[in-house]
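Let's take a walk through a protein chain together, one piece at a time. Have the picture in view as you read, and try to find each part as it comes up.

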Amino acid sequence: MLTEEDARRLVLAEIAQAQGRIECELGILRVQQVSFGWLFYWGAVGEGQSGQRPRLGGNGPFLVDRENERLIRTATGVPVARAIADYERRLRREAHARNAAAKRSVTQLDTTTRTTVSVHPRPSV
């Protein structure tokens, strides 16, 4: 399970990859806690040549899931609330699939156990 500090390191590593293509300094601007982990907003830090913080395109926030350690880059054209709701739906679908697989596994084990148990006849007296 990730801590917020671990998640921050993951996000900073992703930001570092983008840094080489952008002339301004990049960093985490704010962190929001959500039900499954954190939402990291990132962009230009400090002022650009115009004296204002540069605005970037394509810097949608990162979703970081504390349980499964996923880092997901969200699309800039999708509202953040929708990205969060979509990811929460994904988590529910995955949990449902795991539960269904576990039930199938137990059923198969039960069936296998019943067919492999041998009954020893009683010796006749």
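A good place to begin is the turn between two neighbouring strands: β1 is joined to β2 by a hairpin that takes two residues. Keep in mind as you look that this is a predicted model. Strand β1 covers residues 26-34, and its pairing with β2 is antiparallel, with eight bridges. To see one of these bridges for yourself, find R30 and then look across to β2, where its bridge partner is Y41.

Now move on to the other neighbour of β2. Strand β3, made of residues 62-65, also pairs with β2 in the antiparallel sense, here over four bridges. Within this pairing, L63 in β3 stands opposite L39. Strand β2 therefore has pairing partners in both β1 and β3, where two strands count as paired if at least two bridges are found between them.

Is β2 mostly covered or mostly open? It is mostly covered: β2 spans residues 37-44, and eight of its eight residues are buried. Buried here means a relative accessible area under 20%. For the chain as a whole, buried residues make up 25% of the 125 residues. As you look along the strands, it helps to know that in a regular strand the side chains alternate between the two faces of the sheet.

Let's step back to the whole chain. How many helices and strands does the chain have? There are two helices and four strands. Read from the N terminus, their order is α-β-β-β-β-α, so a helix comes before the strands and another follows them. Contacts also link parts that are far along the chain from one another: of the contacts with a separation of 6 or more, 40% are between residues 24 or more positions apart. The accessible surface of the chain is about 9,000 Å², and carbon and sulfur atoms account for 51% of that.

Next, look for charged partners. Side chains of opposite charge can pair when their charged atoms come close. The structure holds seven such salt bridges, and helix α1, residues 4-19, is a fine place to look for them. Here E4 forms a salt bridge with R8, and their closest N and O atoms are 3.8 Å apart. These two residues are four positions apart in the helix, which is about one turn. E4 has a relative accessible area of 33%, so it is partly exposed, and R8 is partly exposed too, at 26%.

The next pair in helix α1 is E5 and R9, also four residues apart, or about one turn. They form a salt bridge as well, with 3.8 Å between the closest N and O atoms. Both are partly exposed: E5 has a relative accessible area of 43%, while R9 comes to 48%.

Finally, travel to helix α2, residues 80-116. Why can R82 and D86 reach each other along this helix? Being four residues apart, R82 and D86 are separated by about one helical turn. Their salt bridge has its closest N and O atoms 3.8 Å apart, and D86 is partly exposed, with a relative accessible area of 29%. Salt bridges can also share partners, and in this way E5, D6 and R9 are joined into one network.

Terms used:
Residues numbered from 1 in each chain as written. Predicted model: local features only at pLDDT ≥ 70, side-chain atom pairs only at ≥ 80, totals over all residues. Heavy atoms only, no water. Buried < 20%, exposed > 50% of the residue type's maximum accessible area, 1.4 Å probe, protein only. Contact = heavy atoms within 4.5 Å. Areas by Shrake-Rupley, 256 points an atom, 1.4 Å probe, with all protein chains shown as cover. Salt bridge = Lys/Arg side-chain N within 4 Å of Asp/Glu carboxyl O.
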